[in-house]
Each structure stands twice: as C-alpha cells, then as structure tokens.
Amino acid sequence: MSLIFTGTGPVLVTESPSEYLWTPQGSGQAPVPPLLQAPNIVVLDSVKSGNRVSTKDVYKQLLLPLLDSWNLPHSYVATTSPESVRSVAASVGTTPTLLVLISGDTTITELVNSVASTASVTLLTVPMGTGNAFAHSVGLSTPLAAVQALTTGTARPLRLYEAVFEHGSQLLAQEGAQPVTSLRFLVVGSWGLHACLVADSDSPELRKLGNERFKVAAQRVLEQNPVFHGSFRADGRAVEDHAALGYFVVAAVPRFEATFEISPASDPAENALHVVYFHHQAPAAVMEIMGQAYAAGKHVQDPRVGYLKTHTVELELHEQDARLRRICVDGLIVQPAGSRVLFRPVESTSLQYVSPDKN
Ligand SMILES: Nc1ncnc2c1ncn2[C@@H]1O[C@H](COP(=O)(O)OP(=O)(O)OP(=O)(O)O)[C@@H](O)[C@H]1O
C-alpha cells in the first residue's frame, strides 16, 4: 500500500494478486514533480517480460492515472518484437526524455545498446522481468515502488560498462548469430558456471519456469561440473594465471535477484566492477557457496571465494570447447573468437536512472 501525491490529490494505491487499485483520498493538488517535467515522456512496455498476470496492468492501472492527473502528454509503446526496443531507442532524439521501461533486465540492456550516445534519457525501470537485478539493486523492488519514485525520486548517472571481444565473435540470439565486437552492460559479465547456466536456461522449455529456470539449468550444469581453464588480470595486475576456475562473475550491481546478493560491496552510484570467482569445486561445495549468496552475500567472506574491486578485467580463455567459452553479458550470450575478453567502464554517457532516494 502506498500514498501517492498526484495532480488531483493524494491517492491510496493498493495491490491485490489480480490488480492495482487506485483510491483517491480527497482533493488537492501537488505540483508536477521534477522527474515528470521532462519535455518528452515515453512508456515502453516489454510485454513478453516475466510471467505477467493479464488483468494486472501497470500502465493502465498506475502510470496512466498518474500522468493524466497532471494532463501530461506521453507516448505508450507495447513491444511486438525485440525490434520494438531498438526502434524506441532509435527514436529518442536529443530532447530530454523520461523513458519508463516496464520490463526485465534484458530489455534495459537492449535499450542501452541501441540508444545514441547523444540522447539525454532518464530511465525508470519498473520491475516486470524474472530477475530484475537492476531494479532490486537500485531499490525499486516492486512496480508500485517504481511508479511512486516518479513523484519522490531523483535522477542519478547511469553507470555503464562494456564487454569487448576479438574480431569474429558472435552474439548468439534466437533469430541466429550476429557478429559482435562490444556490448554494453549494467548488471553482469560472466564466464564459467554462471554463463553456462544463463545460456542453457534460455530454452523455450525452461523459460516457462520463470525464475526457477536458473535453478534447473544450474542443476544440469553441475551434473557435468566442467572446469574452466583461464587467467585474468584486474586493473592490469595478474590475479589468476592458468587457473582451473568454476565460477567467474564481473558484477556491476549488488543483486542479481531480490535475495541473491552476489556482490554486497557493489554500489550502482559508483563507476566500478567487482569480480566474484572461485576455483573448480565439487558440486556440493558450489551449492554451499551459492547458498551463502542468498544469505545476505556471506559467500564473499568464504576463503574459497575471490572477491575484488576493479575497473578493468582482462580475461584470457584457455578452452577450445565452444560450450566452455561462452560469455554472458546481462543475459545475452556471446561466443567469443580468440582468447581475450575485456570488461571496462564506459567513460561517459548522457543516461540517467531514477533512484527512489533523494540523498
Ligand atoms: N512482443 C514480443 N515478442 C517477442 N519478444 C519480445 C516481445 N516484447 C519483448 N520481447 C523481448 O523479450 C525479452 C524480454 O526480456 P526482459 O528482460 O524484459 O524480461 P525477462 O527476460 O523476463 O526478465 P529478466 O531479463 O529480468 O530475466 C527482450 O529480449 C525483449 O526484446
């Protein structure tokens, strides 16, 4: 339950399993909040994200009445394919734009990879995906909290990172492979067990399971429990040389799911990456370490786990088997050519995100 101050007075907003209820609490007027003063407001509804309840419509039941209370013009786009995300990104010019994304993380990543570097965009992420890593990491854990942040939150710089690949690398997509040399990300770059389970979880069969798909894919990967041979450097310093690795994640945010706190020291306000990794372990040890990540990120205190803060990560793959070379970039899967992959911050962008707190 939340009290939201709108252009026509305070409104009590409640949520049931099947709908959001908008109950006005008398009349009165609040001025247009700063975030809603953007000259251009676009709502992009990524309709295939998460497991939606058809009667529970964030746009019609929450956003539309809020925007209408101040008669704010806006455009609403419901996606019809992944191409819709790219075309909305391409349509945003230099006019300062508030872009409300009703989606999961993949849609956000598709957007930041398609938007022009000159575009002045403030993103509000309304969590409707399966993991919602970015929304949980910035404190917008529910659609209601996200919509309320439009009236009480503030815009902060969006920290972006990129994974850079050797010439000849391929982005593996449902529609077929495409050449790729770099990809922007805001949540995670990974190799090893994490990349394998994300790649394997993206089958139509497992997608039906929602968040459970990661657990099922993890069990299947652990049945084989491959070793991932490689080396990596952090800010130019050799950290592991010809190691037998199991888990290798470069995290930009603290949480990958509501309760999965993979990198407790990550701060979305800071331009830094954290490497979380461990050497090849027996499946029971892997499960034990991962279980600690669900207990407020305690795994990073486990002596078997490496945890370090850095800006750049240079990874060198010493594997030939294509399945063991896959790299995950915010859920997208890349088959890299050659042996080198670089993760680094994108130095400057004109993108911002809506944060719920003002400090
Ligand atoms: N109408 C559509 N038809 C096919 N694909 C779509 C359509 N609308 C959106 N998509 C694509 O579906 C994917 C949805 O990803 P999104 O991140 O929003 O949700 P998710 O995968 O459930 O969540 P998460 O990434 O948090 O696990 C994106 O790749 C998006 O481009």
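**Stop 1: helices H6 and H8**

Helix H6 and helix H8 are oblique to each other. To see this, select residues 192-201 for H6 and residues 212-224 for H8. The model on your screen is a predicted one. The two helices pack at an angle of about 120 degrees, and their axes are 8 Å apart. An angle of 65 to 115 degrees would count as roughly perpendicular. The crossing of H6 and H8 is right-handed.

Now show the side chains where they meet. On H6, pick Leu-193, Cys-196, Leu-197, Asp-200 and Ser-201. Facing them on H8 are Arg-213, Phe-214, Ala-217, Ala-218, Arg-220 and Val-221.

**Stop 2: the two domains**

Zoom out and colour by domain. Domain 1 covers 2-152, and domain 2 covers 161-345. Their centres, taken over C-alpha atoms, are separated by 29 Å. Where do they touch? At this boundary, 15 residues of domain 1 are in contact with 17 residues of domain 2. On the domain 1 side, helix H3 (105-114) and helix H4 (133-137) each supply at least two residues. H3 gives the largest share of that side, with six residues.

**Stop 3: Thr-109**

Stay on helix H3 and select Thr-109. Is Thr-109 buried or exposed? It has 24 C-beta neighbours inside 10 Å, so it counts as buried. Next, show what Thr-109 touches beyond four places away in sequence: Phe-185, Leu-186, Asp-330, Gly-331 and Leu-332. For a contrast, draw a distance from Thr-109 to Tyr-20. These residues are 89 apart along the chain, and their C-alpha atoms are separated by 27 Å.

**Stop 4: helices H2 and H3**

Keep H3 in view and add helix H2, residues 82-91. The axes of H2 and H3 come within 8 Å and cross at roughly 40 degrees. That makes H2 oblique to H3. The crossing is right-handed.

Pick out the meeting residues. From H2 come Pro-82, Val-85, Arg-86, Ala-89 and Ala-90. From H3 come Thr-107, Glu-110, Leu-111 and Ser-114.

Click on Ala-90 in H2. Ala-90 is exposed, because it has 12 other C-beta atoms within 10 Å. Now add Ala-116. Ala-90 and Ala-116 are 26 residues apart in sequence, yet 7.0 Å apart in space, C-alpha to C-alpha.

**Stop 5: helices H1 and H5**

Select helix H1 (58-69). Add helix H5, residues 143-152. Their axes are 10 Å apart, and the packing angle is about 15 degrees. That makes H1 roughly parallel to H5. H1 passes H5 in a right-handed crossing.

Which residues meet here? On H1, select Val-58, Leu-62, Leu-63 and Leu-66. On H5, select Pro-143, Val-147 and Leu-150.

Now keep H5 and hide the rest. Its buried residues are Pro-143, Ala-146, Val-147, Gln-148, Ala-149 and Leu-150. Bring back what they pack against: strand S1 (2-6), H1, strand S7 (121-127), H4 and strand S22 (351-355).

**Stop 6: the largest nonpolar core**

The largest nonpolar core has 93 residues. Val-100, Leu-101 and Leu-124 have the most contacts inside it. Domain 1 and domain 2 both give residues to this core, so it lies between them.

Centre on Val-100. Leaving aside neighbours within four places in sequence, which residues is Val-100 in contact with? They are Val-43, Leu-44, Leu-63, Leu-124 and Val-126. You have already met Leu-63, on the H1 side of the H1 and H5 packing.

**Stop 7: two loop residues with positive phi**

Most residues other than glycine have a negative phi. The tour ends with two exceptions.

Select Asn-71. It sits in the loop between helix H1 and strand S5 (75-78). Its phi is near 50 degrees, a positive value. Asn-71 has 8 C-beta neighbours inside 10 Å and therefore counts as exposed.

Then go to Asp-235. This residue is in the loop between strand S14 (228-234) and strand S15 (237-251). The phi of Asp-235 is near 50 degrees, again a positive value. With 14 C-beta neighbours inside 10 Å, Asp-235 counts as partly exposed.

Key:
Residues numbered from 1 in each chain as written. Predicted model: local features only at pLDDT ≥ 70, side-chain atom pairs only at ≥ 80, totals over all residues. Helix = DSSP H or I, 4+ residues; strand = E, 2+ residues; numbered from the N terminus. Buried ≥ 20, exposed ≤ 12 C-beta atoms within 10 Å, placed from the backbone. Core = buried A, V, L, I, M, F, W, Y, C linked by C-beta atoms within 7 Å. Domains from an automatic or database assignment. Contact = placed C-beta atoms within 7 Å. Axes fitted to C-alpha atoms, helices over the stretch in contact; angles between N-to-C directions. Parallel < 35°, antiparallel > 145°, perpendicular 65-115°, else oblique. Left-handed = near helix turned anticlockwise from the far one by under 90°.
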